[in-house]
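Here are a few exercises on cavities and helix packing, each with a worked solution. Grab your viewer and try each task before reading on.

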Amino acid sequence: MQTEWLHGAIDYGILGVLAAASVVVVATAIERFAFFRRVDLGAFSNAKSLEIALSQRLVAIATVASNAPYVGLLGTVLGIMLTFYSMDFSTSTDAGKIMVGLALALKATAVGLAVAIVAVVTYNLLVRRAKVLMLEWEARQEDAARAARG
C-alpha cells in the first residue's frame, strides 16, 4: 500500500495551515502598528470607544498564538500514526525509515511552536502599546479637566 501521498498531504496540509496563520499574524501586526502610529487620541470622547479601536483584530493574533502548537502537534500525531501504519504493510522493518518518518513528523510541532512564539511576542507588544495609548489618553483627559477647573 502506498502512503507517500498521504504523508505529503498531512505534512504540507499542516504546514500550509501554519504558514497561513503566520501570514495572518504578520499582516495583522503590520496593520495594528500602523494604526497605533496614526491614531488621533483627541478624536475619542470616551475610554471605551478608544479601547475598542485599539483592540480590534488582536483576537486573531491571540487565536493563532494559542492554537498553533496544537495544529503542529496534530501534524506530528498524524505523521507518527502514518509511519506506524506504513510499517505494518512492509515485509521488513527498516529502522532508518522509521526514524526519518518520525523526524519528519516532529517538524510540524517545531513549526507550530515557532509560529506560536512569534504570535505571543507580537500580541504582547501590541497589547502593551495599546495600554500605553490608553494611559496617554487618560492623562490628557485629566489634564484637560484640571485646566477647565482653573
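**Exercise 1. How many cavities of 30 Å³ or more are there, and which residues line the largest cavity?**

Step 1: fix the rule. On a 1 Å grid over the protein atoms alone, a cavity is a set of points where a 1.4 Å probe fits but cannot get out, and lining residues have an atom within 4 Å of a point. Points are joined across faces, edges and corners, and the volume is the space filled by probe spheres set on them.

Step 2: count. The tally is one cavity of 30 Å³ or more, and the largest cavity takes up about 60 Å³.

Before going on, note that this is a predicted model, where local features need pLDDT of at least 70 and side-chain atom pairs pLDDT 80 or more, while totals for chains, interfaces and linings use all residues. Numbering starts from 1 along each chain as its sequence is written, and side-chain values use heavy atoms, with hydrogens and water left out.

Step 3: list the lining. You should find His 7, Ile 10, Asp 11, Gly 75, Gly 79, Leu 104, Ala 105 and Ala 108.

Step 4: assign helices (DSSP runs of H or I, at least four residues, numbered from the N terminus). H1 (4-38), H3 (58-89) and H4 (95-149) each give at least two residues to this lining.

Step 5: sort by class, with Ala, Val, Leu, Ile, Met, Phe, Trp, Tyr, Cys and Pro as nonpolar, Asp, Glu, Lys and Arg as charged, and the others, Gly among them, as polar. The lining has four nonpolar, three polar and one charged residues.

**Exercise 2. At what angle do H2 and H4 pack, and how far apart are their axes?**

Step 1: fit axes to C-alpha atoms over the stretch in contact, and take angles from 0 to 180 degrees between N-to-C directions. H2 (residues 47-55) and H4 come out at about 160°, axes 10 Å apart.

Step 2: name the arrangement. H2 is therefore roughly antiparallel to H4 (over 145 degrees; under 35 is roughly parallel, 65 to 115 roughly perpendicular, the rest oblique).

Step 3: find the contact (heavy atoms within 4.5 Å). H2 brings Ala 47, Leu 50, Glu 51 and Leu 54, and H4 brings Ala 130, Leu 133, Met 134 and Trp 137. That's seven nonpolar, no polar and one charged.

**Exercise 3. At what angle do H1 and H4 pack?**

Step 1: the angle is about 15°, with axes 10 Å apart. So H1 runs roughly parallel to H4.

Step 2: sort the contact residues of H1 with H4: 16 nonpolar, five polar and four charged.

Note on methods
On a 1 Å grid over the protein atoms alone, a cavity is a set of points where a 1.4 Å probe fits but cannot get out, and a pocket is an open set with protein on both sides within 12 Å along at least five of seven lines; lining residues have an atom within 4 Å of a point.
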